[in-house]
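Open the model in a viewer and keep the selection panel at hand. The tour goes from one selection to the next.

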Amino acid sequence: MEQSRLKIPLFIAADIFPGTDTLMPVPIAMAATWNPDLAQRVYDVEGRDARALGINWIFSPMIDITRDPRWGRIMEGNGEDPFLDASIARAEVLGFQGPKIGTQGHVLACPKHFAGYGFSVGVRDYDEVNISESELWNFVFPPFEAAFKAGAGCTMTAYMALNGVPAAANEWLLTDVLRDKWGFKGFAVSDADNINGLVTQGLAKDPADAAARALNAGEDMESAIFRPAYSNLPMDLKDGKISTKTLDEAVRRVLEMKIRMGLFEHPYVDATKTDAILSDPKDRQIALHAAEESAVLLRNDGGLLPLKNVKSIAVIGPLADSKKDTLCARFSFVKPSMNQDETVTVLEGLRRRAGSDVSVEYAPGVEMPKRKFPGLLGGIASAKSNVPFDSKAELERAVSLARKSDVAVLVLGEPATMIGEAASRDSLGLPGDQQALLEAVVATGKPVVLLLMTARPLDLRWASNHVAAIMDVWYPGVEGGAAVAHLLFGDVNPSGKLPFTWVRDVGQVPMFYDHRLSFQPATESRRYWDEESTPLYPFGFGLTYTSFTFDNFKLDRQTIKQGQEVTLSVDVHNAGKIDASDVVQLYLHQSYGSAVRPARELRGFQKVRIPAGTTETVRFTIGPSQLRYYWSTATKTFVQEASTFNLWVGDNATAALHTTLVVTQ
């Protein structure tokens, strides 16, 4: 910078999820908190730590709607629902950037991948995407629009072709929608080497043609790995393939963000302050709280959890004492000591919490399988060490340990290298011999708690019928083991909710709750010959150690005119003996109109903490923004129509408490 003619400061950019120093739960886990305020605090820490290390621009958040759990990048997103995704996306942008671009100690956010990347054919990374205009406007675009309204100064375009035109050179996407319709003033950057990829994809003749097409479409900056295609822009300008005006606009957008970030005045960070910022003890408390609040209790038959009167615990599974998998630090710049010294695994967390009066012993049971094909960041998806592994003996040792213990805690799932970019799967079973390990331990007759370390739904059909307690703890971060121990012993009441539909089997996918009603809704649960066509656990589902009841569900008026608002209220009662939190969810369906709307759409949620034995009245305001279509394919507009609306309130997408609202002209 200092040796250049104009001394223009640099953007130093990176992928940082789930953090750079104090590693947090992965993004999908943060969506499972259904707590945007907590999410904002988490992403504030991630952005502040990145800035302290000299990073001033991050390639986050990833807000692609993910409806197919086979996709590896489901881990980076916020799930299947556009309303929840948009709510968390706003929190991510505000956390990373602060209240405005250039806030001290914050970074420039870059929502990605614009747009539709989660809909690639077969959820194979980089493959083509074909999405109807209805799906684009109603499901794909809302999280991006929310992120831009929150002030995001950048967006990263997607690799794939969207409806036949690659996103990196899609003028409709980058100019008509992004800038003309939404008024976006930031800059657009390609994904890594994506401009050269236009040649490979068959859009451009050569890199010079690719550069001209991308710039003219609205792609301001190229992210290049080898020879940048944009090095051809001087030649393109000379040949008349691009105009000076177009080039200047792209440069101006980038320079504006560097100016607003304060980089011209302060191009460097103060390295003397870095260690103090990174070592703030409050960050680990936020990490702990996030891991506690993100865990989703899927099953608790007989009230096995929280653990009581336990004197011996068998901790079993290849992920129970794996620091790298607890962190899932695939794209993070962690300190060298982080993996070895600072991460609390499930085994360590349980030993610390149990104390000297409880015996906590460990056996891995099985090892993880190798990948068939090399991945983006390595060839072997395994948590094993270099020590020879005797599969038969280790399985027998794990079963023996379970047999002599009061309870067995199995930590199973997918190693961190099995999730993320270029890590899609064609099955959803427990990898390797983990299912055999689970069945063998259950066969001992001892109580079993199954902890899942994963970012996607796995095949739990057998487990849901044979395992007393099941909890998804995701990849919980640096304090993950401590959080799990607090949850299992009842120091913390689980309050996480699923941000996606948990399918029974891979043959059901894609399956999502906000589908449109079919010709015969009554038969929707029996469309398959050999399996129910319903989810194992619905969107928004998650148990607690207490029970909540919903009552006195009413509107302040049953009829309104278009453009008016109505207040909905419901009494939520904690019927148990434990203070706890629940997520009150509002769903809506328009009975008739110019086009068919989904059977249910999430249109509001509130996470409320209710003391034992008390009642909280929760209120929602329902107006045009909740009642309108995002986009009607019949009218080619955003509309709010006169109709009858069905409203439901509860704690998951199958909520039964119902009323109707009539909207007139």
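**A helix across a sheet**

Select helix H5 (residues 171-181), which lies across strands S3, S4 and S7 and runs at about 105° to S3. Bear in mind throughout that this is a predicted model.

Now add the strands under discussion. S3, S4 and S7 form an open sheet of three strands, in the order S3-S4-S7, with parallel pairing. Strand S3 (112-114) and strand S7 (187-189) are at the edges with a single partner strand each, so one side of each has no neighbour in the sheet. On average, neighbouring strands here are turned by 50° against each other, direction ignored. Zoom in on strand S4 (residues 154-157): three bridges join S4 to S7, and the two run parallel. To find the register, label Thr-155, which stands opposite Ala-188 in S7.

**Two helix pairs**

Next, select helix H3 (residues 82-97) and helix H4 (residues 133-149). Their axes come within 8 Å and cross at roughly 20°. Angles under 35 degrees count as roughly parallel, and H3 and H4 are therefore roughly parallel to each other. The crossing of these two helices, H3 and H4, is right-handed. Show side chains on both: in H3, Pro-82, Asp-85, Ala-86, Ala-89, Arg-90 and Val-93 meet Asn-138, Phe-139, Pro-142, Pro-143, Ala-146 and Ala-147 of H4. Coloured by class, this contact of H3 with H4 shows nine nonpolar, one polar and two charged residues.

Move on to helix H2 (residues 36-52) and helix H11 (residues 281-294), whose axes come within 10 Å and cross at roughly 140°. H2 and H11 are therefore oblique to each other. H2 passes H11 in a left-handed crossing. The residues to display in H2 are Leu-38, Arg-41, Val-42, Val-45, Arg-48 and Asp-49, which meet Asp-283, Ile-286, His-289, Ala-290 and Glu-293 in H11. By class, the contact of H2 with H11 holds five nonpolar, one polar and five charged residues.

**A mixed sheet**

For the last stop, select strands S15, S17, S18, S20 and S21. In what order do the five strands form the open sheet? The order is S15-S21-S20-S17-S18, and the pairing is mixed. Strand S15 (559-561) and strand S18 (601-610) are the edge strands, each pairing on one side only. From one strand to the next, the twist averages 25°.

Within this sheet, isolate strand S20 (residues 643-650) and strand S21 (residues 657-664), which pair in the antiparallel sense over seven bridges. Finish on Val-649, which stands opposite Leu-657 in S21.

Notes: Residues numbered from 1 in each chain as written. Predicted model: local features only at pLDDT ≥ 70, side-chain atom pairs only at ≥ 80, totals over all residues. Heavy atoms only, no water. Pairing = 2+ DSSP bridges. Helix = DSSP H or I, 4+ residues; strand = E, 2+ residues; numbered from the N terminus. Axes fitted to C-alpha atoms, helices over the stretch in contact; angles between N-to-C directions. Parallel < 35°, antiparallel > 145°, perpendicular 65-115°, else oblique. Left-handed = near helix turned anticlockwise from the far one by under 90°. Contact = heavy atoms within 4.5 Å. Nonpolar A, V, L, I, M, F, W, Y, C, P; charged D, E, K, R; others polar.
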